[in-house]
Structures are given as structure tokens and as C-alpha cells.
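User: Please take a close look at one part of this model, the sheet, and explain how it is built and what surrounds it. I am new to this structure, so please explain each term as it arises.

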Amino acid sequence: MKGKSNAMSEPPEHRSGFVTIIGRPNVGKSTLLNSLVGRKVAIISDKPQTTRHRIRAVLTRDDAQVVFVDTPGIHKPKHQLGRMMVDTALKTLKDVDLILFLIEAHRESGPGDEFILERLAGISTPVFLVINKVDLVAKPRLLPLIDEMRRKMEFREIVPLSARTGENTGLLVDLVVGCLPAGPRYYPEDTVSDQAEEVILAELVREKVLHLTAQEVPHSVAVVVAEVFPGQKGVTVIRADVIVERESQKAILIGEGGRMLKNIGRLAREEIESLLGVRVYLELWVKVKPKWRRDERQLQHLGFKD
């Protein structure tokens, strides 16, 4: 990950580097990523394991360029997809300049945090402890948590913040930049994310599925954009497949009279139109691929890399 060949020349005092964000599922990593770069580059929901891919988001300032790497939440996997997600998160630890270990201010640390601390113990990469969701607790309640975490590991910095409100996110960026080595820009100034357009569009559709469905359905869904092409009267046509594992899940996603699928499509289309700045005709097809999360060939076909 370090030492990209397309690095651009900058003044000697310019700083740059790669910074990964790790933590248990649903601690707010993607919300923090979006807040740090000032734009939505990762979908968010209240469902655990929303993030499935490694996502790079680029923050460019006059004095520095920071490439943040959002990772899937580290958890105990129950299927091949889960194992690939956890491997993706852990593989970034030795290949970046800085690690942001995210925990929540309003929850006690648990086995999931302990598992991550064990993985961090043998790594020389500096680690910041980032305590998210401080807007949900009284400030004095943070002190015992900070003391507890200090006893478990020596962190380069400890930063309480709220990714939702933006409290202390500017301070975090300044501390991150101060920790990075001198180096050039790796991406053009206007780059915010390295995700392919089809991946971003598919993730926006999946986000609406996560928001509108419950129980096992959100975890069983994958979305693949099959094609994007210009239609009539300036409308961009997007065709996407929504993959589920069982016929019962397909029935839930389509809903009575197709109502659920229409709602998913409407919400996704509105956000895609806002993102692309053009009118969009979004066509969704729900398809059943049994046990796709356990099938390595299916996972590769759907874009999940081992």
C-alpha cells in the first residue's frame, strides 16, 4: 500500500501517508470516514458489518494528503464472506503509517476490543485510540474508560470525538497529519475515493436495503451493477442485480405488490441522481443465489477479493 508509483512531487515539508480505521462492527468507522473527508464515501447503517470492502478516502490539504482506509468490522466470522472481511481488515495493519483504533464512549470494552488489542500488540505501527460517540455520554464518564484503555496498551494519542457531530474531528486530522512522514501526494487534488463508480452505485442501493429491511435479510444481500448507459432525453439507465440467498428473502425484498422494491429503488435513485447530477432510471432485479456468502467462487464473482 505504501510507496505508490504515481506519487506527485511536493515541497519537502509536505506530509502524506495511509491511515487505517479499525474497530468492532458498528462503532462508527464509516461515519467517521465520511466526516473526516467531508463527503459520503462509505454507506452507513445501524446494521453490523455494513462495510464489506476496504475503502480508501483521500483528504488533501495544502500541507498534507491523508489516505484513510476504512475496513470491515473485526468480528468472529460465521461464513466465508465474514472470514474474507476480517482478513481484509487485519491485512492493513502492517501496511499503513498509522492505525486509528475506534471504540465507543457509551459502551464498555468487550471481547471484540480485546481481540483487536491482541492483534495490535505485536505491531510497530503507531496507534491512536479514537473514542467515538462522546456526544452520548457526560464527559466525566470518559475518564475511567481512558484509564482502562491506557492500562491495556500504550497509544500514541487518545482522541475522544463524535463522528456524528464533528466534535474534535479537526483535532484528530491535525494529530494524524503531525504523525505522518514527509512525502508527496499520491492522488490528484480532487480525488476523494478510489472506488469504481459501479461499486459506489451498488453500495448506495445496498444501503437502502439495509435501512428498509430487518433480521437476516440485510446480511444476505449483495448488489451488483450490471450496466450503466445513456438512455433517452439525457436519462442515465442503471441496471442492478440484488442478490439474496433464499426465495423467502426475495419475496420480502419485492414486497406486496412490489412495494418494498419500489421504495428501495426510489430512495437509491434519488441519492444517485444527487451524486451524479443527472436524471437516472434505476432498474432492480432480485435474484436468488443459494449460500452465496459461503461460496468462494460466488464471492469472487461478486467482487469480494480474498
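Analyst: **The sheet and its surroundings**

Strand 5 (residues 127-132) and strand 6 are paired in the parallel sense, with 4 bridges between them. Within this pairing, valine 130 stands opposite valine 159 of strand 6. Packed on the sheet is helix 3 (residues 111-121), which touches strand 1, strand 4 and strand 5. The direction of helix 3 makes about 165° with that of strand 4.

The model is a predicted one, in which local features need pLDDT of at least 70 and side-chain atom pairs count only at pLDDT 80 or more, whereas totals for chains, interfaces and linings use all residues. Residues are numbered from 1 along each chain as its sequence is written, and side-chain values use heavy atoms, with hydrogens and water left out.

Some terms are needed here. Helices (H or I, at least four residues) and strands (E, at least two) are DSSP runs numbered from the N terminus. Two strands pair if DSSP finds at least two bridges between them, and a contact means heavy atoms within 4.5 Å. Angles run from 0 to 180 degrees between N-to-C directions, along axes fitted to C-alpha atoms, for helices over the stretch in contact.

The sheet as a whole is open, and its 6 strands follow the order 2-3-1-4-5-6 with mixed pairing. Its edges are strand 2 (55-60) and strand 6 (157-160), each of which pairs on one side only. On average, neighbouring strands of this sheet are turned by 25° against each other, direction ignored.

Strand 1 has a partner on either side in that order. Strand 3 (residues 64-70) pairs with strand 1 in the parallel sense over 7 bridges, and phenylalanine 68 of strand 3 is the bridge partner of valine 19. Strand 4 (residues 98-104) also runs parallel to strand 1, joined to it by 5 bridges. Here isoleucine 21 stands opposite leucine 100 of strand 4. Because 8 of its 9 residues are buried, strand 1 (residues 15-23) is largely enclosed by the rest of the structure. Buried means under 20% relative accessible area, exposed over 50%, and partly exposed in between (1.4 Å probe, protein chains only). In a regular strand the side chains alternate between the two faces of the sheet.

The wider protein gives this sheet its setting. The secondary structure comes to 9 helices and 9 strands, and 50% of the 306 residues are buried. Of the contacts between residues at least 6 apart in sequence, 72% join residues at least 24 apart.

Outside the sheet described above, strand 7 (residues 222-230) and strand 8 run antiparallel, joined by 8 bridges. Valine 223 stands opposite valine 242 of strand 8. The hairpin of strand 7 and strand 8 has 5 residues between the strands, and lysine 233 takes a positive phi near 55° in this hairpin.

Charged side chains provide further links. Side chains of opposite charge can pair when their charged atoms come close. The structure holds 24 salt bridges, each defined as a side-chain nitrogen of Lys or Arg within 4 Å of a carboxyl oxygen of Asp or Glu.

One of them joins the side chains of glutamate 283 and arginine 239 (3.3 Å, N to O). This pair links distant parts of the chain, with glutamate 283 in strand 9 (residues 280-288) and arginine 239 in strand 8 (residues 236-244), 44 residues apart. Glutamate 283 counts as buried at 17% relative accessibility, while arginine 239 counts as partly exposed at 30%.

A salt bridge between helices brings together the side chains of glutamate 271 and lysine 208 (2.6 Å, N to O). Glutamate 271 belongs to helix 8 (residues 259-276) and lysine 208 to helix 6 (residues 197-212), and the two are 63 residues apart. Lysine 208 is buried, with a relative accessible area of 7%, whereas glutamate 271 is partly exposed at 24%.

Within helix 8, glutamate 270 and arginine 266 lie 4 residues apart, about one turn of the helix, and their side chains meet in a salt bridge (3.7 Å, N to O). Glutamate 270 is partly exposed with a relative accessible area of 39%, and arginine 266 is partly exposed with 36%. Elsewhere, Arg24, Glu104, Arg107, Asp113 and Lys133 are joined into one network by salt bridges that share partners. Of these residues, Glu104 lies in strand 4 (residues 98-104), and Asp113 lies in helix 3 (residues 111-121).
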